[in-house]
Amino acid sequence: MNSITMALNADELIMSALREDITSEDITTNSVMREYKKGEVELICKQDGVIAGLDVFKRVFELLDAETEFEMNVKDGDFVKNGDKLGVVRGDIRVLLSGERTALNYLQRMSGIATYTHSIVELLKNSKTKLLDTRKTTPNMRVFEKYAVKVGGGCNHRYNLSDGILLKDNHIGAAGGVREAVKMAKEYAPFVRKIEIEVENLDMLSEALQAGADIVMLDNMSAEDMRKAVKMAEGRAETECSGNVTRDNIEKLIDIGVDYISSGALTHSAPIMDLSLKNLHALV
C-alpha cells in the first residue's frame, strides 16, 4: 500500500483497532516498563507462505510512535519459509509491546489470504480463467483483505456497492424479471458501467444475453450447464462462475472455459499465517 492509500483508507481503521486493544492504557506493559527505553524485536515466520501487509504492520507502530524504525528482509508478495527472520522492529519498548498484537493480527490475516489465494491461482495458471474475490469480507477489513488477494495473485471484483452493477436474485425479483432488471440498470447507470447479472439456469442466461448484459454470473450451475452457458455467451458477454468455490473443488471448474471464477472463500475462509514477534531486548 502506498502512503496516500494508507492515509486516506487505512489510518483511521488501524487507529480504531488500536483503540479496541488499548482503551486507556496497556496496564501490563506500563507495570514493567515505567519509562522510555529503546529496544528491538524480531519478526519471525513460523509457516511457509506469501507475506502480505508489511506496510500495515509497520503503520501500527508508527501511529503509536513515528520514531519507530524497521529493517525488513522481505517485501509483500515474497514467498517465505518457516524459520525465516523477516525483519527487525526498533523503538520504544512500550510501543513494541503495546502494538505487537494489533500489528500481527493484520499481518497474519493478510498473509493468510495472500497464501490461500496464491495456492488457487497456481491451480489456474495454465487456463484463461482469472480468480476474483467478493464482498464477503470482514467488516472494516475490506481494504486490507482485498489488497492481500492482489498480493496473492488474484484479482479484485467490485470494491463496494458504489463500484459496480451486479444484479443478483433479489434484485431480479424486485425488478420483476431478468429482462426488466437489465433494462432498468441500463436506463439508470452511466454508460461507462458494465452490467453484470446472476443467472441460475440456461433460460435465465438466454434472457440476460438478449437483454444485453455485459457479464453473466453462472451461480451454482452444474458443470455441464456451465459448459453450455460458455458457448451460448461466447462473443456476447463475459462469463463468471460463482457459488461455494474453494481450493478443494476448483479443479473441476478449470476446463469449463469461464472468463472468471469468484470465490468468497479467499477472504472469509483463509487461515492466518503463523507469524511472531520474538526476542525482544533492550538496546544499550
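Helix α5 (residues 142-151) is largely enclosed by the rest of the structure, because 9 of its 10 residues are buried. The model described here is predicted. The buried residues of α5 are R142, V143, F144, E145, K146, Y147, A148, V149 and V151. Charged side chains therefore appear in this list beside nonpolar ones, since Glu, Lys and Arg count as charged and Val, Phe, Tyr and Ala as nonpolar. The elements that cover these buried residues include α1, β2 (49-50), α3, α4 and α10 (265-268). After α5 comes G153, which has a positive phi, near 100°.

Two of the covering helices, α1 and α3, also pack on each other. Helix α1 (residues 3-21) meets α3 at an angle of about 65°, and the two axes lie 10 Å apart. The two helices are therefore roughly perpendicular to each other. The crossing of α1 past α3 is right-handed. On the α1 side, the contact is made by M6, D11, I14, M15 and L18. On the α3 side, D55, V56, R59, V60, L63 and L64 take part. By class, this contact between α1 and α3 holds 8 nonpolar and 3 charged residues, and no polar ones. An α-helix has 3.6 residues a turn, so residues three or four places apart point the same way.

Helix α3 also belongs to the surroundings of an antiparallel sheet. This open sheet has 4 strands in the order β3-β5-β1-β12, and the pairing is antiparallel. Its edge strands are β3 (69-72) and β12 (275-282), each of which pairs on one side only. Neighbouring strands of the sheet are turned against each other by 20° on average, direction ignored. Between strand β1 (residues 38-45) and β12, the antiparallel pairing extends over 6 bridges. Within that pair, E40 of β1 stands opposite H281 of β12.

Two helices lie on this sheet. Helix α3 (residues 54-64) lies across β1, β3, β5 (85-92) and β12, and runs at about 160° to β3. Helix α4 (residues 93-124) packs on the sheet as well, where it touches β1, β5 and β12. The direction of α4 makes about 165° with that of β12. Both angles are over 145 degrees, so α3 is roughly antiparallel to β3 and α4 is roughly antiparallel to β12.

A second open sheet is parallel. It consists of 6 strands in the order β6-β11-β10-β9-β8-β7. Strands β6 (130-132) and β7 stand at the edges with a single partner strand each, so one side of each has no neighbour in the sheet. From one strand to the next, the twist averages 25°.

Within this sheet, strand β8 (residues 195-199) is mostly covered, with 5 of its 5 residues buried. The cover extends to both faces of β8. I195, I197 and V199 are buried on one side, and E196 and E198 are buried on the other. Strand β7 (residues 165-167) pairs with β8 in the parallel sense over 3 bridges. In this pair, I195 of β8 is the bridge partner of I165. Strand β9 (residues 215-219) also runs parallel to β8, and 4 bridges join the two. Here the bridge partner of E196 is I215 in β9. Elsewhere in the sheet, strand β10 (residues 238-242) and strand β11 (residues 260-262) run parallel and are joined by 2 bridges. C241 stands opposite I261 in β11.

Helix α8 connects the description of this sheet to a further helix pair. α8 lies across β8 and β9, and its direction is at about 165° to β8. Helix α8 (residues 202-211) packs with helix α9 (residues 223-233) at an angle of about 15°, with their axes 10 Å apart. These two helices are therefore roughly parallel to each other. The passage of α8 over α9 is a right-handed crossing. From α8, the residues L202, L205, S206 and L209 meet D225, K228, A229, M232 and A233 of α9. The residues of this contact divide into 6 nonpolar, 1 polar and 2 charged.

Notes:
Residues numbered from 1 in each chain as written. Predicted model: local features only at pLDDT ≥ 70, side-chain atom pairs only at ≥ 80, totals over all residues. Heavy atoms only, no water. Pairing = 2+ DSSP bridges. Axes fitted to C-alpha atoms, helices over the stretch in contact; angles between N-to-C directions. Contact = heavy atoms within 4.5 Å. Parallel < 35°, antiparallel > 145°, perpendicular 65-115°, else oblique. Left-handed = near helix turned anticlockwise from the far one by under 90°. Buried < 20%, exposed > 50% of the residue type's maximum accessible area, 1.4 Å probe, protein only.
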